[in-house]
Amino acid sequence: MGATTSIESATKGATSSAAIAFIKSSPKKLLIGGKWVPAKSGKTFETLNPANEEVLGLVAEGDKADVDEAVKHARKAFEQGPWASMNPHGRTRILLKIADLIEQNADELAELESLDNGKPIFESKNIDIPAAAETFRYYAGFATKIYGETNPSDPSIFNFTLREAIGVCGQIIPWNFPLLMASWKIAPALACGNVVILKPAEQTPLTAIRLGELILESGLPESVVQIITGFGPGAGSSIAEHPDIDKVAFTGSTEVGKLILKASTGNLKRVSLELGGKSPNIIFPDADMPSAVFGAMLGIFMNQGQVCCAGSRVFVQQGIYEEFTDSLSQMAKTLTLGNPMDPNTRMGPLVSKEQHDRVIGYLKAGKEEGARAKAGGSAGTQERGYFIQPTVFTNVNNQMKIAREEIFGPVASAIPFKDENDAVLQGNDTNYGLAAAVWTKDLNRAHQVARKLKAGTVWINTYNQLDPMSPFGGYKQSGFGRELGKYAIDLYTQIKSVYAKIG
């Protein structure tokens, strides 16, 4: 199937001529040194529409040679030129401009995101794109508020600290929230005065490339942000290993995160990792049931369950287990599964055939271990596309494969618990620790359980609430480092102590 012959059918349902025009301008190139250039190898790869399996376009396949070239430009941009001497107010103006440009092109970006990723246009327009703009705007304010300190010392010494940018930052982002994850990485790095080499996921490169165009339009000096599309073993590993990259930030699977960490040891570059999860969503019998059912639905079926903090383990107190799982299953069956470009669709396809086959494997494993699919349990009925029915498994125990391993799909495992202590013990019985939730009207219980759960984020009577001002990250094998909030400034700065003799 050729890219030029499938664009019209692949973009069917898109309403923006700008999105179609962007897709038609294929192949997409790499952003290196302020210019769009082909990969040195001349290679390209296809990016697909997961709703119909058709080709959206061709994208340059960057590798080690392209990363080397980008690093040379990045180092020069960091050490010399206008970015190196720009004051914080200048960085603020540029970040605000990027936020404005995202908002001005919101419809196009949302359509590109849904076409390339498969998420419903309802989510792209109302969640992903606005949140990306908010993130740039939030860190625009931080550029002028990165302080050092003066320290008490001997009267003959003036001792102070400087908080300085780290330097060249490699950033590798996943395919589940492409534009939003790019904003989480790029915005704080730029606010601190760093330069960035971004590698988007090979499954979803389009919005990162379009963001690169907007960044050039914003007036950001050339080479401050560069974008290398390609695959993990080529472009990704080259970024992790490169001796002249000072920091790597990675969001993705725990397995790949371990490889990133290992590859980074050559020059002991700083690393931050936001990895997988198997989050417990705990429902106590005194919870507001309609709210808890809706929260559990949102926690596992948003973005087709392709969310690192998805509430994939739904712990329900024994006395309300049947009632609750009946309600959750009925709600799952009402979700509209179909064309992500339809505003009424609430669940689109999974991102790729690989991910689709992976989730099908877990559905099979769950049934073989004795779990019952009270809703879903199989692929969608669409003739084409990577669709999976929203699934609720009952008769699950916490030792089953579907309860232990991250599925990254629309699969809820409902697990009964006896009491508060049992809920906490089972909730913490996992290698992961990214997020958790508690549903109860008893505020004492809510706060006590929240403190006992080993997770970087705990929601009480809500789910999937995120804000640029609040930190996000994991315990255990869900990674380390905190993105968002003031804590992301720690990821992209280092401290220098200065002693000045004055006596």
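This is a short walk through the aromatic rings of a predicted model.

Start with the total. The model holds nine aromatic pairs. One of them joins Trp184 and Phe472. Their ring centres lie 5.6 Å apart, and their planes meet at 65 degrees. Planes over 60 degrees apart count as edge-to-face, so this pair is edge-to-face.

Now find the two partners in the fold. Trp184 belongs to helix H8, which covers residues 178-191. Phe472 is in the loop between strand S18 (457-460) and strand S19 (479-480). The two parts are 288 residues apart in sequence, so the pair ties together distant stretches of the numbering. Are these residues buried or exposed? Trp184 is buried, with a relative accessible area of 5%. Phe472 is buried too, at 2%. Both values fall under 20%, which is why both residues get that label.

Next, look at Trp459 and Tyr463. Their ring centres are 4.5 Å apart. Their planes stand at 45 degrees, so this pair is tilted. Trp459 is buried, at 5% relative accessibility. Tyr463 is also buried, with a relative accessible area of 1%.

Rings can also gather in a group. Tyr138, Tyr139 and Phe142 make up one aromatic cluster.

Finally, turn to charges that meet rings. Which residue has its charged end over the ring of Phe22? Lys28 does, at 3.8 Å from the ring centre. Phe284 has a charged partner as well: Arg445 lies over its face, 4.3 Å from the centre of the ring.

Key. Residues numbered from 1 in each chain as written. Predicted model: local features only at pLDDT ≥ 70, side-chain atom pairs only at ≥ 80, totals over all residues. Heavy atoms only, no water. Phe/Tyr/Trp six-rings, centres within 6.5 Å; stacked < 30°, edge-to-face > 60°. Helix = DSSP H or I, 4+ residues; strand = E, 2+ residues; numbered from the N terminus. Buried < 20%, exposed > 50% of the residue type's maximum accessible area, 1.4 Å probe, protein only. Lys NZ or Arg CZ within 6 Å of the ring centre and 35° of its normal.
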